[in-house]
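Dear colleague,

I am passing the structure below on to you, and after it you will find my notes on cysteines and backbone angles.

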Amino acid sequence: MNAGETRPLPASAKCTRCRQRAVIALPSHHANFCEACFGLFFRRAVLRAMKKFPIKAQEPILVAVSGGKDSLAVWSVLHDLGYATKGIHLDLGIPAFSEVSQEAIAAFAHRKGLSWTSYALRDLIGYSIEEIRRKTRRPICSVCGMIKRRLLNRIAVQEGFRLIATGHNLDDEAGRLLGNLVRHRREYIEKHYPYLPSVHPRLPEKIKPLYRVSAEEIRTYCRVEGIEYLEGACPLSRGATSHMFKEALDVLEGRMPGTKRDFLFAYIEARSAPKPVDDFGTCDRCGEPCYGTRCSVCALVERLQKPPRKES
Ligand code: SF4
Ligand code: ZN
């Protein structure tokens with residue numbers, strides 16, 4: 001059993017909230033729940049996060065969806081909490097993965113009556129992630145992360161949205177914070193917050209409504225709600241160092257339940273939401289906001305279009 005896992009309970013266990021039979025244990029909260037009260041606990045955790053963000057109450061939300069548990073759970077809860085949402089999927093062109101991702105999204109959206117659009121990376125920039133992986137020496141996840149961030153901003157503006165939600169959870173955020181602290185990456189540490197303001201009229205605000213719930217709680221939520229998500233990880237994710245920081249925190253969580261929450265929340269509570277800093281230029285190739293005169297996506301595409309250097 002993984003650290004932080006929601007465990008089965010003996011028949012005598014009572015729900016902390018309603019005193020009916022409990023079937024889900026949350027050691028990090030010192031609580032046991034029946035399925036209905038667990039759903040309530042989960043939605044309240046997301047609502048608590050949403051109240052912390054300095055966003056307009058009725059702002060429609062574009063939800064970045066991959067078909068995995070996190071993105072379908074965040075979309076589901078935001079919709080159930082009454083927010084107007086639309087799903088956006090970036091088809092990265094990863095063989096045998098991108099197709100099943102879209103099938104999971106399509107089935108979920110159909111069941112909940114939600115609208116969504118898929119954009120193919122190849123149509124947007126001329127290359128799939130698989131093609132980029134073959135042509136570049138940089139770690140593919142950092143290239144892919146940069147592309148997704150930038151293109152989602154662009155798509156949000158085109159679709160008329162000012163707010164993007166992603167499915168990053170407590171484990172993701174605590175692991176990333178630990179990694180940035182260990183490597184003393186000050187520029188990332190300073191921006192580490194589950195809300196990012198818009199720093200340019202063509203850049204939307206960003207929120208991470210699941211930052212208060214763990215990966216395991218999200219799995220339980222999906223099971224309780226009957227959400228069928230894509231189980232497998234992206235085949236290109238192997239060896240990502242972010243997994244190691246998460247595993248290190250899992251060890252601590254197993255010995256001291258609640259450690260991940262204490263670590264992340266203490267950091268977040270000590271800070272206020274970042275303020276907009278407008279030091280942006282405009283990309284002279286695509287017109288998108290960027291630092292300097294060439295955005296990272298256009299710089300990448302230019303490098304990919306150059307013919308390979310001949311070996312001497
Ligand atoms: Fe992209 Fe890496 Fe995530 Fe795969 S694991 S979708 S390559 S960032
Ligand atoms: Zn550009």
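In which segment is R19 found? R19 lies in the segment before β1 (24–26), where strands (E, at least two residues) and helices (H or I, at least four) are DSSP runs numbered from the N terminus. Please keep in mind that this is a predicted model, in which local features need pLDDT of at least 70 and side-chain atom pairs count only at pLDDT 80 or more, while totals for chains, interfaces and linings use all residues. Residues are numbered from 1 along each chain as its sequence is written, chains are lettered from A and ligands numbered from 1 in the order in which they are written, and side-chain values use heavy atoms, with hydrogens and water left out.

Backbone angles

Most residues other than glycine have a negative phi. R19, however, has a positive phi, near 70 degrees, and with a relative accessibility of 53% it counts as exposed (over 50% relative accessible area, against under 20% for buried and partly exposed in between, with a 1.4 Å probe and protein chains only). A96 also has a positive phi, near 65 degrees; A96 sits in the loop between β4 (85–91) and α3 (98–112) and, at 69% relative accessibility, is exposed.

Cysteines

The structure contains zero disulfides, a disulfide being a pair of cysteine sulfur atoms within 2.5 Å. For C15, the nearest cysteine sulfur is that of C37, 3.7 Å away, and C15 is in no disulfide. C15 is buried at 0% relative accessibility, and C144 is buried as well, with a relative accessible area of 9%.

With best regards
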